[in-house]
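Good morning, and thank you for making time on the agenda. I would ask you to keep the structure in view while I speak.

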Amino acid sequence: MPHPEPTGIHRVSDFVDWYVQRTPQAEAAVLGNIRLSYADLAQRVDALARALLAAGVGKGDRVATLATPHPDYLVAFLATASIGAIWVGLNPRYRADELAYVAGDCDPTVLLTRTRIDARDYGAEIGAMRAVAPSLQHVVSLDTPRADVVETLASFVAGGLGVSAAGLAAARAGCGGRDPCLIVYTSGSTGRPKGAMLHHQGIVQVCLAQNRVWPVPRQRVVNCLPINHVGCVVDLSCPTLAAGGCLLFMERFDAAASMELSMRERASLWISVPSVFQMQLALPDFSRYDLSSVELIVWEGAAMPEPIIRRLLELVPAGVATNYSLTESVGAITVVPPTTDVEL
C-alpha cells in the first residue's frame, strides 16, 4: 500500500520527521556500506542542526557545502534548512576561482567541506574561499581532518550538545513557509552565475505535486547529480523523501556502475537527463541488467531523441514521463504524466 501524502509540512526537513513517526526503520539513504534509516537520518540532521545553532548560525545565514552526492550532503541541507538558515551546494568540479566567486557572493557563515576528492586536494580552494567571505567563521571537514585549514566534524557536532531540544524546536518553529532555504547558482547566457533563492513552501509543493503526477509508491532513486544543481536537491532528493523513499547515492557517475546499482538496489524510479540515458543504453551488455523493479522512467533537462524514448518504452510499457522546468521556478512548470505517446 502507498504511504498517505504528508500533511502539515512547513519546512522541507519536515518530510523526514513525518516518516520517522511512521516508518522509522525504512531506508532513507544508501551509499556503499552506509545505509541510513529515517531514524538515523533524523538523528544526524538534529545533531548537525544543534551544532549550527551553537556556532551562531541564525535565520537567513548561509551554510555552504562542498561535497559529492553523498548522505553527508543530504544531512547538511536538511539541518541547515530546518533552523531557518539557507543552504548552498558547491560543485567539487568547480575551478578555484568559481568556488571563490560563489563563496564571496553568498558569504556563508559555515563551510562544510571535503578536503580531498580523488587526487584533488582542496586546501588552496578552502583558503581562497576564506579570503573572500569575511563572514566565514567555521570550516568543517567532512572527511580526513586537516588541522591546518579546518575543524573536524566530530568536534563541530560536539559543540552542539549544549543546545537543548527546546532551543532546537524554537529555531524550527521560527522558520518555514516562504522563508528561503536554498540558493542554487544558475548561469544565463551572459555574465556570472546568479543565485536563485528558493523557499520551503515552493519546494514542498513541487514535491507533493510531482509525486501525484508521477506516482511511484515505494521510491528508490539513484542520485548521481552534482549537489549544486536543482536537479539533485529539488527534483530527486526532496520528492523521494516526500514519498518516504530511499536515495541511492552515487558519488561519481559511471554508466555501467549506475546500472549495477539500479539492479542491485532495486531502483523503482529511473530519473535522469537524456545524456545519461544515452550512455546507459549504449552499454554493449545493457540487456543483461534486470530492471524489473523500475515502475517509471522520467527524463528532465533537455529534449530526448525519439529512438531513445521508444527504447525506454520497451522497458516500461506503462509509459514514460518528462517535464519542463527552470531553476528559478523551483520545479516543473509543464509536466507530462506517464504516457506511451512519443509525440508528447
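Which side chain meets that of Arg35 in a salt bridge? Before I answer, please note that this is a predicted model. The partner is Glu265, with 2.8 Å between nitrogen and oxygen. Arg35 belongs to strand β2, residues 34-37, whereas Glu265 sits in the loop between α10 (255-264) and β14 (269-272), so the pair ties together parts that are 230 residues apart in sequence. The two residues also fall into separate burial classes. Arg35 counts as partly exposed because its relative accessibility is 37%, and the cut-off for buried is under 20%. Glu265, at 9% relative accessibility, therefore counts as buried.

This pair also belongs to a network. Glu27, Arg35, Arg220 and Glu265 are joined through salt bridges that share partners. The count for the model comes to 19 salt bridges, and I shall describe two others.

One of them is formed by Lys59 and Asp179, whose closest N and O atoms are 3.1 Å apart. Lys59 is in the loop between α2 (38-54) and β3 (62-66), and Asp179 is in the loop between α7 (165-173) and β10 (180-186). This pair links distant parts of the chain, 120 residues apart.

The other joins the side chains of Arg114 and Glu251, at 3.0 Å from N to O. Arg114 lies in the loop between β5 (110-113) and β6 (116-117), and Glu251 in the loop between β13 (246-249) and α10, so parts 137 residues apart in sequence are tied together. Here the arginine is the buried partner, since Arg114 has 16% relative accessibility. Glu251 is partly exposed, with a relative accessible area of 32%.

I turn now to the sheet. In what order do the 7 strands of the open sheet stand? The order is β9-β8-β5-β3-β4-β10-β11, and the pairing is mixed. At the edges stand β9 (151-152) and β11 (194-199); each has a single partner strand, so one side of each is left without a neighbour in the sheet.

Two pairings deserve a closer look. Strand β5 and strand β8, residues 138-141, run parallel and are joined by 4 bridges. Leu112 has Val140 in β8 as its bridge partner. Strands β3 and β4 likewise pair in the parallel sense, over 5 bridges. For Arg62, the bridge partner in β4 is Ile86.

Is strand β4, residues 86-90, largely enclosed or left open? Of its 5 residues, 5 are buried, so β4 is largely enclosed by the rest of the structure. As a general point, side chains in a regular strand alternate between the two faces of the sheet. In β4 both faces are covered: Ile86, Val88 and Leu90 are buried on one side, and Trp87 and Gly89 are buried on the other.

Finally, a helix pair. The axes of helix α3, residues 71-82, and helix α9, residues 230-242, come within 12 Å and cross at roughly 85 degrees. That angle makes α3 roughly perpendicular to α9. From α3, the contact is made by Tyr73, Leu74, Phe77 and Leu78. From α9, Cys232, Val233, Ser237, Cys238 and Leu241 take part. How do the residues of this contact divide by class? There are 8 nonpolar residues, 1 polar residue and no charged residue in the contact of α3 with α9.

Thank you; I shall be glad to take questions.

Technical notes: Residues are numbered from 1 along each chain as its sequence is written. This is a predicted model: local features need pLDDT of at least 70, side-chain atom pairs count only at pLDDT 80 or more; totals for chains, interfaces and linings use all residues. Side-chain values use heavy atoms; hydrogens and water are left out. A salt bridge is a side-chain nitrogen of Lys or Arg within 4 Å of a carboxyl oxygen of Asp or Glu. Helices (H or I, at least four residues) and strands (E, at least two) are DSSP runs, numbered from the N terminus. Buried means under 20% relative accessible area, exposed over 50%, partly exposed in between (1.4 Å probe, protein chains only). Axes are lines fitted to C-alpha atoms, for helices over the stretch in contact, and angles run from 0 to 180 degrees between N-to-C directions. Angles under 35 degrees count as roughly parallel, over 145 as roughly antiparallel, 65 to 115 as roughly perpendicular and the rest as oblique. Contact means heavy atoms within 4.5 Å. Ala, Val, Leu, Ile, Met, Phe, Trp, Tyr, Cys and Pro count as nonpolar, Asp, Glu, Lys and Arg as charged, and the others, Gly among them, as polar. Two strands pair if DSSP finds at least two bridges between them.
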